[in-house]
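Good morning, colleagues. Please have the sequence and the structure open in front of you while I speak.

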Amino acid sequence: MPITEISDGEYDEFRAFLEQISGIVLGESRQYLVRGRLQRLLDEGGFLSLGQLSAALRSETSLDLRTRVIDAMTTNETSWFRDELPYDYLYHVILPELTREGDGKLRIWSAGCSSGEEPYSIGIVVQEFLEKNPGSFSAVKIVATDISSQIIDRASIGQYEESSLSRGLANAGRAKYFSPVETRWAINPKIRDRVEFRQHNLLQSFTPFGQFNVVFCRNVLFYFSRVKRLDIVERVVKTIKPNGFLVLGSAETIDHGSLPLARSKRSPAGMVYRRTGDPGEEPS
Ligand SMILES: C[S@@+](CC[C@H](N)C(=O)[O-])C[C@H]1O[C@@H](n2cnc3c(N)ncnc32)[C@H](O)[C@@H]1O
């Protein structure tokens with residue numbers, strides 16, 4: 001039975017809880033969004049109101065329910081080579097700089113990777129670079145994380161509908177890096193095997209991930225409050241090796257004055273920062 005009314009109190013309780021567990025901030029009066037996204041889950045669980053669902057979510061045994069709510073409430077909008085410029089910059093500036101300065105090992109983190117288009121696009125750029133510059137990196141690892149377990153499962157399979165590929169992937173890229181599997185397209189195993197997918201909430205510790213030469217954290221930060229955003233950026237910066245790079249979404253400039261970060265040279269407006277500071281800091 002569709003829930004027709006969500007009272008202001010129920011809505012406020014739900015959005016406070018969602019922010020607490022995921023960092024995602026829902027605006028005022030977005031009851032329609034919550035209703036649309038959760039209706040199926042409410043029906044299947046036999047919940048008669050959003051208030052009943054919130055009460056169940058607060059119970060200690062509701063981990064599975066929490067996962068399903070997070071899966072339903074996250075916006076996973078993404079595309080291949082989204083905005084193009086960061087991928088051009090990766091190829092033309094970041095990878096050559098790392099080749100000159102690094103130890104030959106390349107570690108990249110795609111934080112908030114959604115269904116995998118971002119980390120696989122990164123993988124394709126790295127592969128193209130390696131073909132033009134053989135031996136420039138002896139080992140390549142791309143760690144891709146997202147809070148939504150459903151989306152991580154999908155991403156790790158690495159198969160895409162025509163409708164996904166038609167968003168941002170040129171024909172040459174499709175012919176070279178995908179093969180047809182029934183009605184879908186499977187990413188080349190060489191690219192897939194370089195990407196390690198993990199379900200992870202950016203509000204939690206980054207310690208297990210170690211350090212990276214490059215972090216892509218694109219179109220994720222705008223979900224969070226200012227305070228949480230700053231906390232996440234501060235901790236992300238600690239995962240970046242000195243002289244490594246932080247790549248943000250095209251509209252996501254940050255106030256980096258108090259952080260060991262500098263605008264990267266020739267960077268598209270505010271999008272790419274370079275880690276400064278001493279090498280001793282551990283991720284937290
Ligand atoms: C709009 S998508 C962006 C995907 C990709 N980075 C891009 O730019 O195309 C945002 C992703 O952030 C994820 N996300 C939201 N809150 C998160 C959190 N607390 N921890 C980790 N990922 C989160 C969502 O599940 C979603 O897949």
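I shall go through the sheets, then one pair of helices, and then a few individual residues.

Before I begin, please keep in mind that this is a predicted model.

Let us start with the sheet of 7 strands. How are its strands ordered? The order is β6-β2-β1-β7-β8-β10-β9, in an open sheet whose pairing is mixed. At the edges stand β6, residues 195-199, and β9, residues 261-263, each of which pairs on one side only. On average, neighbouring strands of this sheet are turned by 20° against each other, direction ignored.

At the β6 edge, the neighbour is strand β2, which covers residues 139-146; β2 and β6 pair in the parallel sense over 5 bridges. To find this pairing on the screen, one may look for A144, whose bridge partner in β6 is F197.

Two helices are worth noting beside these strands. Helix α6, residues 117-132, packs on the sheet and touches β1 (105-111), β2, β6 and β7. The direction of α6 makes about 155° with that of β1, an angle that counts as roughly antiparallel because it is over 145 degrees. Helix α7, residues 149-157, lies across β2 and β6 and runs at about 165° to β6.

I turn now to the other sheet. Here 3 strands form an open sheet in the order β3-β5-β4, and the pairing is antiparallel. Its edge strands are β3, residues 159-160, and β4, each pairing on one side only. Between β3 and β5 there are 2 bridges, in the antiparallel sense, and Y160 has W185 in β5 as its bridge partner.

On the other side of β5 comes the pairing with β4. Strand β4 spans residues 178-181 and strand β5 spans residues 184-187; they pair in the antiparallel sense over 4 bridges. V181 stands opposite R184 in β5. Which residue takes a positive phi in the hairpin of β4 and β5? That residue is E182, with a value near 50°, and the hairpin has 2 residues between the strands.

Next, the pair of helices. Helix α3 comprises residues 50-58 and helix α4 residues 63-73; their axes come within 8 Å and cross at roughly 125°. This angle lies outside the ranges for roughly parallel, perpendicular or antiparallel, and the two helices are therefore oblique to each other. The crossing of α3 and α4 is left-handed. Which residues make the contact? From α3 come L53, A56, L57 and R58, and they meet L65, R66 and V69 in α4. Sorted by class, this contact has 5 nonpolar, no polar and 2 charged residues.

Let me move to individual residues, beginning with E117. E117 belongs to helix α6, the helix that packs on the sheet of 7 strands. Is E117 buried or exposed? With a relative accessibility of 6%, E117 counts as buried, because the limit for that class is under 20%. Leaving out residues up to four places away in sequence, E117 touches T78, S79, W80, Y160 and S164. Y160 has already been mentioned, as the bridge partner of W185 in β5. As for S164, it is 47 residues from E117 along the chain, and the C-alpha atoms of the two are separated by 8.6 Å.

A second buried residue is Q31, with a relative accessible area of 13%. Q31 is found in helix α2, residues 31-45. Apart from neighbours within four places in sequence, Q31 is in contact with I6, S7, D8 and Y11.

Finally, I draw attention to two loop residues with a positive phi. E84 has a phi of about 55° although it is not a glycine. E84 sits in the loop between α4 and α5, the latter being residues 85-101. N219, likewise not a glycine, has a positive phi of about 60°. N219 is found in the loop between β7 (212-217) and α11 (226-238).

How do these two residues stand with respect to accessibility? E84 counts as exposed, at 55% relative accessibility, whereas N219 is buried, with a relative accessible area of 15%. The cut-offs applied are over 50% for exposed and under 20% for buried.

That concludes the presentation; thank you for your attention.

Technical notes
Residues are numbered from 1 along each chain as its sequence is written. This is a predicted model: local features need pLDDT of at least 70, side-chain atom pairs count only at pLDDT 80 or more; totals for chains, interfaces and linings use all residues. Side-chain values use heavy atoms; hydrogens and water are left out. Axes are lines fitted to C-alpha atoms, for helices over the stretch in contact, and angles run from 0 to 180 degrees between N-to-C directions. Angles under 35 degrees count as roughly parallel, over 145 as roughly antiparallel, 65 to 115 as roughly perpendicular and the rest as oblique. A crossing is left-handed if the near helix is turned anticlockwise from the far one by less than a right angle, and right-handed if clockwise. Contact means heavy atoms within 4.5 Å. Ala, Val, Leu, Ile, Met, Phe, Trp, Tyr, Cys and Pro count as nonpolar, Asp, Glu, Lys and Arg as charged, and the others, Gly among them, as polar. Two strands pair if DSSP finds at least two bridges between them. Buried means under 20% relative accessible area, exposed over 50%, partly exposed in between (1.4 Å probe, protein chains only).
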